[in-house]
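Me: I have a structure that I would like to go through with you step by step, with careful answers that show how each value is reached.

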Protein chains: 2
Amino acid sequence: MFDKLVIIGVGLIGGSVALIARHAGLARRIVGVGCDGDAMPDALRLGVIDAVEPTATAVRNADCVFLAMPVGQMTEVMRAIAPHLPAHAVVTDVGSTKGDIVAAARAHMGNALPRFVPGHPIAGAEKSGVLAARSDLFKGKNVVLTPVAETSAAATQSIAEFWQACGARVSEMPHQTHDLVFATVSHLPHLLAFALVEEIANRPDADLMFGFAASGFRDFSRIAGSSPEMWRDICLANRPAMLQALSAYQRQLARIHDLIDTGRGDELASIFEHARTARITWARTHNKTDGNT
Amino acid sequence: MFDKLVIIGVGLIGGSVALIARHAGLARRIVGVGCDGDAMPDALRLGVIDAVEPTATAVRNADCVFLAMPVGQMTEVMRAIAPHLPAHAVVTDVGSTKGDIVAAARAHMGNALPRFVPGHPIAGAEKSGVLAARSDLFKGKNVVLTPVAETSAAATQSIAEFWQACGARVSEMPHQTHDLVFATVSHLPHLLAFALVEEIANRPDADLMFGFAASGFRDFSRIAGSSPEMWRDICLANRPAMLQALSAYQRQLARIHDLIDTGRGDELASIFEHARTARITWARTHNKTDGNT
């Protein structure tokens, strides 16, 4: 139990952290720091937070600080809180890339660096804002922590226990591993979906093409409806891992292009068969049910 | 109304054609020609067809012949039926690629070529076999006909009216257009989904990667669970259009790779924004509701 939990950025994620912290008795007092001024009255009215305070005031006697504002404000917020954090306070973030956050923390967290635990809850990006916050948002979901050499084991344990109390499954891994994993299984598919829709949309016969797109296209391209700004930021924040994952995929496509070009049907079928088995095994192992088509 | 409708290959598509033909009174007598011997007793028992006959006997007094067997048997079946077709019989197929079917028809349909109408009903590939056949399979679905210069207008009209009576929306276009449209909106996404799953499955850390794959990956990769043999055949049958669509996509990826590499965030966001708008417009225009995530 934290005596004072401070949430900087009370949107979907920050608001849900606040709701579950209250619900599960993880914090005595929850204070919000606004990044989007308009949302704070909602957060107060809904009882998501107990009070709104300016950054320095909020963190001065905080026990735990969640950085849940847009990642683009990370440097500025770290600079603003570092001089005011008490010596025992732990700090964590919820950014979906970690190498850039670690770099920012090393540059701007000063003496508080050992008590900063880089984190990534894998939950909900379809809706946003505090009105979408839910106390069960993290239930059964993965949270990845990427402590670095400087991070104190006690700080990591404290944040891990907080997330476990929220019902999440907590893993630890190096930030480089985290960034490549998510570049590959999340960021890359988003980029590939955007790229296909863009390729079709730019064609002179786009209307004809879209007119015959069916359920396969629908599911493949769903994530191309995601926020352009968020995905631009993720692509750039996770640049090294994105380029690594994208290059590997481009090599795979070049290989398949060559197999089609030279009519090597057996090798093509064996790739498809291997992929199909892996997809079916994944869906069964991780209990992912495909929707009706 | 056809007096004798012959279905060669009584599986999901052929069986559904038979069911709706009977249901809507489009044929007096429906005869099946077996390609997969085991399915014919089911087709007879279910009343999908009235009789099973050998190829030559079946087509000798046919009014309409549906080629609904696997596309790999097209050449052989065309050769087998061409000498026996009566002068008035119309013939159509249900293959999902059309350039290769047109080439096969020109080579093997002989004098019957003007009465062969290349067709592609866009319906159901998830299940297969006559047990999955349904009389509403084509209701509201697109059927594309790709008549060539040699095709008689009367034959095309006869097949178009048949499909309209099945509740389908019938379009006509050149086979080259058909093949590029479906390479782009259907075949390419399948290939891209297979390629991503294959790329991950071949990594030494595949288990870790798959362990963090979530709903975005799930929907993107659903079609990687499709039949490897079917998609190998489609890739090869539609080779010129597939290579054209894949190359265009590869250029799009190379462009995006470059934008990430050089940190051109504005251009990246503008691609994502343009794609997002197109995706949302498509889903609204074509009434495609995304599943819950």
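Me: How much area do chain A and chain B bury between them?
Reply: This is a predicted model, and the area is computed from its atoms. Carbon and sulfur atoms account for 71% of what is buried, and the area counts what both parts lose on being put together. Summed in that way, chain A and chain B bury about 8,200 Å².

Me: Which three residues of chain A supply more of the area that chain A buries against chain B than any other three?
Reply: Together these three supply 9% of the area that chain A buries against chain B, while the contact itself involves 88 residues of chain A and 88 residues of chain B. The three residues are F212(A), R222(A) and F272(A).

Me: Which residue of chain B forms a salt bridge with D219(A)?
Reply: The rule finds three salt bridges across the interface of chain A and chain B. For a salt bridge, a side-chain nitrogen of Lys or Arg must lie within 4 Å of a carboxyl oxygen of Asp or Glu. In the pair that includes D219(A), the closest N and O atoms are 2.6 Å apart, and the partner is R222(B).

Me: What percentage of the residues of chain A count as buried?
Reply: Chain A has twelve helices and nine strands, and its C-alpha trace spans about 70 × 40 × 35 Å along the principal axes. A residue counts as buried when its relative accessible area is under 20%. Of the 293 residues of chain A, the share that meets this cut-off is 57%.

Conventions
Residues numbered from 1 in each chain as written. Chains lettered and ligands numbered in written order. Predicted model: local features only at pLDDT ≥ 70, side-chain atom pairs only at ≥ 80, totals over all residues. Heavy atoms only, no water. Helix = DSSP H or I, 4+ residues; strand = E, 2+ residues; numbered from the N terminus. Buried < 20%, exposed > 50% of the residue type's maximum accessible area, 1.4 Å probe, protein only. Contact = heavy atoms within 4.5 Å. Buried area = accessible area lost by both parts, 1.4 Å probe.
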